[in-house]
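Hi everyone, thanks for coming. I'd like to walk you through a structure that is probably new to you, so let's get it up on the screen.

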Amino acid sequence: MNKKTKSILLNILSIMALYLLITILIGTETMNNYISNILVTILITIIMTASLNVTTGLLGQLALGHAGFMAIGAYTSAIFTKTVALQFSLSLPISLVLGGLVAALFGMLIGIPALRLQGDYLAIITLGFGEIIRVIIENLEITGGAAGLTRITRMSRAFSEDRALSSVIQFSLVFWITVLIIASIFTLGRSRHGRAIISIRENVIAAEATGIPTTRYKLLAFTIAAFFAGIAGGLFAHQTSILNAKNFGFNKSIEYLVMVVLGGMGSITGSIIASIVLVALPEMLRGLAEYRLVIYSLLLIVMMLFRPSGLLGTREFSMLSFWESLERLWKRLFKRKDVPTRMPFQPRYDVWEDKPVLEVSKLGISFGGLRAADNVNLCLMNDEIVGLIGPNGAGKTTIFNMLTGVYVPTEGEICLLGKRMNGQQPHDITRDGIARTFQNIRLFKSMSVLDNIKVAFHSRMLYSTLSGILRDNACLSEERGIDIRARELLRVFQMEDVADVQASALPYGQQRKLEICRALASNPKVLLLDEPAAGMNPMETSELMQTIKTIRNRFSVAILLIEHDMKLVMGICERIYVLNYGKIIAEGTPEQIRNNPEVIAAYLGSVDAQPGEVRGTAHA
Amino acid sequence: MKKRSLLSLLLMLVLVLSAFAPAMAEEVIKIGGIGVLSGDYALYGLAVKEGVDLYVKQANEAGGVNGKKVEVVWEDTQGEAANAISAYYKVTEQDGVVAIIGGVLSGESKALAEVSAEDGVPQISPSATAYDVTTGRPNVFRTCFLDPFQAKAVAQFMANEGIKKVAVLYDNATEYSAGLYESFKERCAELGVEIVAAESAAYGDKDYKTQLTTVQNAAPEAVFLPYYGADAAMILAQAKELGLDVKFYGADGISDIVDYVADKSLLTNLVYTDHFSTGAQSEISKKFVEDFQAEYGKMPTISFSATGYDAAVVLLSAIEKAGTQKEDIVEAIKATNLTAVSGNITFDDHNDPIKSTFFQTFDAQGNKLFLTQVDP
């Protein structure tokens, strides 16, 4: 059985099962009128939101007058059944179709001029339309004027003397109409015409250019939506028995729009779920009296904050994938024997010779009047160790902060492997391959050494929060993977034996090493070391020099380091940039820098240069 | 993503299942209270609730009804007909109430009456003033008088005052306002009072000057304003600006106008019909006002508190006589003849009360002044 047949079969089976279950419950009066009435309301709401989603979601046009079409359908249908002397079970279906057709006609009439407009203009026109409909209905004799239409035959009693049977017939009728409408929206969406409608949402100009008569398709979508809304209106009229134009005003349209937005614009199943939840919720919360509206509104806000594109976004919920996820859940919960190990993924960096790994051009930043960096150009080639030196306050750390996204540069460009990084969040920059250490050590002090490293693997891991809560295979295999990686990394730094020690308990030199180690865990392409030797004794410093070289060779990473210890800088750096007052004043090999008169002036001070502070360790 | 949809589905399931939780049967008599308790018209619904709750509390303190405590299950409709139906099914089928007090607004009361008539559940509305709420529904009653009734009372009152030429400013899009106008017009024709101008301005409008100018040009001796308080307040203020200095007459809906008027002296020009007056002179009315003040620390200025109280009086005394079978209760209500706080109540063929009308006006501080109680 192929996937498609399986999917169709599953859908049909689950709809049938749902239908049978509910009709049996209603028929045996296990489910009382209160519930069955709410179910009918939910179904009508589903038709409304799904049809509104055709215009708002699929077509991508904001329509604010959808309740107007519902009103037209409702009044047409109600007036028909009230005036035409036919048996109700015959006149109702006719009236529903009639209501739909009249609404569709209005949809078309309003659509022809309105759909030449877009966005806000269309929204305002549809809004105006909804209000006009309301006012017209309130002033017509045939619609009962302000008092509205009353004593419309109610479906839940009219079909049969037997109340349970009548309720069952009411539910069946509304249920299958809803199924039919939803199914037709789905099949439409997957046809050539549905593609045309969706292409308009994505890009009108491109759609037009590829041969889609956009105005015609807009009109089609609009008319179809109005038709379905009209049918929903007819059902509503015969559910409540009383119609009042006030109930179809702007607020009602917005109510449906909220549901569509909440379910996800463009997701029909999202609309269905949102309709169910938003109709059921206020009923569920009835016990909370006046607080229910507050809770309801709060839930809406929370939902929009956390899922701004709605419950399902533009995706659809399918029974098949639901079934498959049930299978997975089952396996996850009950068959968790042999969990494979999954290593954290290593980002693939697109490196080749001659292309700088990191290229900074014309970088500058001002803090108010202070020019902390100005026209800084620097580049790092593959696997290069480069030093960045300069007197205190020269702007070295500022440059690091710009490279790692802590500061947003006011001008210039930072490119990592050709990708512009300006303005990105620090964590995104880390994910893209720049890691750093800090001048003053910033370890997660109360966490173990091993956990400090593990935190840094975060951006290289995949499993979801839910997996984490359930501790399923995805979680376990990845956790096992990073445990191996983290211990490997510690071994390189000869820190394996302190893996379970609290970070703050380490001696100073080891803390420095741990910070570098942590920076490497995210598998960066560029490593920024901010005064790695600060506070180290000569023995620790020479050990550090060895470590840095090892890192470069083993991890294939370009290193840019800020350092005042000239022995370290001159000893390991292949190139050096000298920064003074935010500007690069010299660039070259250690030998060139050592003999550069400007550098000497900057460090030692001279007649025509500003005096800089001379550090004891600076032997330049 | 699939996990999310799974979660939302589970959530839905929980919500739906919790709806099936059956109501617990208890040794109390349950009454449903249905009406607008939130939104634009919540003021009226809450006034009704206070009145009903007060009498039920007093009845329970006096030993309950036939030895059983009475409990009111309140449900909010937000003023919508569809919600009223949902609330009806909730209280009758989930909570098992024996009778219903409600709805508060005419629209929701009609929807409620439509479904309660199907089941024959006794229903008393304390405040639905539209005519056809009770038409053809033997189980539906009310304790307030009707729009036509009070419109006619106003016309009669004007005629007695010797007024010959009146103008009407009304909202033809509001059932309440349009209905009052129709009956008023009818009665004026009978009494020979001439309507010199009839202007319509929609509920929610902010500027009534165009209509008021037309009214002014017709030079009436009095103006009938079938509006709710918020709109009437603006109309009175704008009429004063235009120099339209005549008596204004309103119906019950205007009674909350005092909350919307800055210059209270405007109100001395207004006379209106009410279901009750806190200045009413009967013993039972005085006691109600005292009890209400003791319970809520305020006067029952919205008269639906009184009609709500009376609805509870009528219903509980019917249950006391007839038990809790719905047919018996309906029969007992129909036979009601008792003195309640808003006057003596009996029901006519249309299940409308035959009772007193209270005419009120205001002093310059905005306090309601009892003018007269007109008994049927």
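Before we look at strands, one bit of vocabulary: two strands count as paired if DSSP finds at least two bridges between them. And keep in mind throughout that this is a predicted model.

With that in hand, find strand E12 of chain B, residues 343-347. How many bridges join E11(B) to E12(B)? There are four, and the two strands run antiparallel. If you want one pair to click on, take Thr339(B), whose bridge partner in E12(B) is Asn344(B). Zoom out a little and you get an open sheet of three strands in chain B, in the order E11-E12-E13, with antiparallel pairing. E11 (337-340) and E13 (353-354) of chain B are at the edges with a single partner strand each, so each has one side with no neighbour in the sheet.

Okay, on to the helices. Over in chain A, look at helix H17, residues 449-456, and helix H19, residues 473-492. They pack at an angle of about 115 degrees, with their axes 9 Å apart, and H17(A) passes H19(A) in a right-handed crossing. Who makes the contact? From H17(A) we have Val449(A), Leu450(A), Ile453(A) and Lys454(A), and from H19(A) come Ile482(A), Ala486(A), Leu489(A) and Leu490(A). By class, that's seven nonpolar, no polar and one charged.

Which brings me to the cores. In soluble globular proteins, nonpolar side chains tend to be buried together. Here, the largest nonpolar core has 169 residues. Those with the most contacts inside it include Ile47(A), Met70(A) and, from chain B, Ala312(B) and Leu315(B). The top contributor is helix H2 of chain A, residues 33-58, which gives 15 residues. What does Ile47(A) touch, leaving aside its neighbours within four places in sequence? Thr178(A), Ile181(A), Phe228(A), Ile231(A) and Ala232(A). Apart from that core lies another, of 69 residues, with Phe400(A) and Leu506(A) among them.

Last stop, the place where the chains meet. Here 34 residues of chain B are in contact with 40 residues of chain A. On the chain B side, helices H1 (2-18), H3 (81-94), H4 (106-119) and H6 (175-191) each give two or more residues. Which of them gives the most? That's H1(B), with nine residues. And the chain B side as a whole has 14 nonpolar, nine polar and eleven charged residues.

That's my tour, so over to you.

Notes:
Residues are numbered from 1 along each chain as its sequence is written. Chains are lettered from A and ligands numbered from 1 in the order in which they are written. This is a predicted model: local features need pLDDT of at least 70, side-chain atom pairs count only at pLDDT 80 or more; totals for chains, interfaces and linings use all residues. Two residues are in contact if their C-beta atoms, placed from the backbone, lie within 7 Å. Ala, Val, Leu, Ile, Met, Phe, Trp, Tyr, Cys and Pro count as nonpolar, Asp, Glu, Lys and Arg as charged, and the others, Gly among them, as polar. Axes are lines fitted to C-alpha atoms, for helices over the stretch in contact, and angles run from 0 to 180 degrees between N-to-C directions. A crossing is left-handed if the near helix is turned anticlockwise from the far one by less than a right angle, and right-handed if clockwise. A nonpolar core is a set of buried Ala, Val, Leu, Ile, Met, Phe, Trp, Tyr and Cys residues joined through C-beta atoms within 7 Å. A residue is buried if 20 or more other C-beta atoms lie within 10 Å of its own, exposed if 12 or fewer, and partly exposed in between; C-beta atoms are placed from the backbone.
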